[in-house]
Amino acid sequence: MGIMNKGWGVKHWVFQRVSNALIVLFAVLLAATLISGVSYESLQALMSNPLVKIYLAITLLFVFANSILAAWQIAGDYAKKLNISSNVLVGITVIVSAIYLIAGLKIIF
Amino acid sequence: MSDTRPVNLDIATVRLPISAYASILHRICAVIIWVGFTALLVIASSALKSEASFDDLAVTLQSNFLVQFLVWGFLSALGYYCMGTIKHIIQDFGHFEDKKGGQMISTAAIAGGVVLCLLAGVLVWA
């Protein structure tokens, strides 16, 4: 994969921080929603808002890409010790994360 | 000339500084969140499917310990993940990067994570 080559480190770092900040934002919004209490009606109303849908879809896309980047980093650190191919670990993550992405988008839209 | 420097330290045999625990915990929490994402999707899907399935979910969340534990674990991992992220971003801007500062911010992040963990427990069980 080209984007995993040398010279992409700074882009990875920036992307990772942006993704992580989006995850923090999501966590805060999730906590606020749960603490304020949800009913079936309030949840339906929230999820029918197109801005909420777009926000969640963007967050989900970042989380998807971030999970693959993180898997690549983590697999690179532990694959040798665990005697597993790093590509297999990343491959599994790509497949599972893609299922998450599709399932998540299906729930949102 | 003999080189007596230790090489290839086995990380499992040395006592690690708190900053190392703060760092590895961030990774562990990331993995928990990633695995727990399945639960988040299932919960979100049943909460939105119909009013009946929302009510079923509400009953499950109030009575099923295993589901409560999963939700608590997910929220706790997310809590520390956020602490670790904030720590990272603060350090990226050049603060708390020396040995002492690193220990301080790592302790603060872990302490914050413990507090969020307890608060998640209150949210789930209270």
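## Chain A: overall form

Chain A has a radius of gyration of 17 Å, whereas a compact globule of 109 residues would come out near 13 Å. Measured out along the principal axes, its C-alpha atoms fill a box of roughly 50 × 25 × 25 Å. Please keep in mind as you read that this is a predicted model.

The chain is built from four helices and zero strands, so to speak a plain α-α-α-α run from the N terminus on. Buried residues account for 13% of the 109 residues in chain A. If you take the contacts in chain A between residues at least 6 apart in sequence, 69% of them join residues at least 24 apart.

## Confidence in chain A

The mean pLDDT of chain A is 92, with 94% of its residues at 70 or more. Confidence is highest in helix α2 (residues 40-47) of chain A, at 96, and lowest in α3(A), at a mean of 93. As a general reading tip, predicted coordinates should not be read in detail where pLDDT is low.

## Two loop residues to look at

Asn83(A) sits in the loop between α3 (50-82) and α4 (86-108) of chain A. Although Asn83(A) is not a glycine, its phi is positive, at about 65°. Asn83(A) counts as exposed because it has 6 C-beta neighbours inside 10 Å, and the cut-off for exposed is 12 or fewer.

Chain B offers another case, Phe96(B), a residue other than glycine with a positive phi near 55°. Phe96(B) belongs to the loop between α3 (65-92) and α4 (99-125) of chain B. With 17 C-beta neighbours inside 10 Å, Phe96(B) counts as partly exposed.

## The largest nonpolar core

The largest nonpolar core holds 27 residues, and those touching the most other members are Cys29(B), Ile33(B), Phe74(B), Ala77(B), Leu78(B), Tyr80(B) and Tyr81(B). The elements that give two or more residues to this core are α3 of chain A and, from chain B, α1 (18-49), α3 and α4. The largest share, nine residues, comes from α3(B).

Tyr80(B) is a good place to start if you want to explore this core on screen. Setting aside neighbours within four places in sequence, Tyr80(B) is in contact with Leu25(B), Cys29(B), Gly113(B) and Leu116(B).

## Annotated spans in chain B

An unreviewed UniProt entry annotates residues 24-45, 65-83 and 104-125 of chain B as "transmembrane region". In the model, residues 24-45 of chain B are 100% helix and 0% strand, and the end C-alpha atoms of that span lie 32 Å apart. Residues 104-125 of chain B are likewise 100% helix and 0% strand, and here too the end C-alpha atoms are 32 Å apart.

## Where the chains meet

Between the two chains, 19 residues of chain B are in contact with 18 residues of chain A. On the side of chain B that touches chain A, α1, α2 (51-63) and α3 of chain B each supply at least two residues. The largest share of that side, nine residues, comes from α1(B).

By class, the side of chain B that touches chain A has 14 nonpolar residues, along with two polar and three charged ones.

Note on methods. Residues numbered from 1 in each chain as written. Chains lettered and ligands numbered in written order. Predicted model: local features only at pLDDT ≥ 70, side-chain atom pairs only at ≥ 80, totals over all residues. Buried ≥ 20, exposed ≤ 12 C-beta atoms within 10 Å, placed from the backbone. Core = buried A, V, L, I, M, F, W, Y, C linked by C-beta atoms within 7 Å. Contact = placed C-beta atoms within 7 Å. UniProt positions renumbered as here; feature names shortened; annotations may be inferred. Nonpolar A, V, L, I, M, F, W, Y, C, P; charged D, E, K, R; others polar. Rg over C-alpha atoms; globule rule 2.2 N^0.38 Å. pLDDT = per-residue confidence, 0-100.
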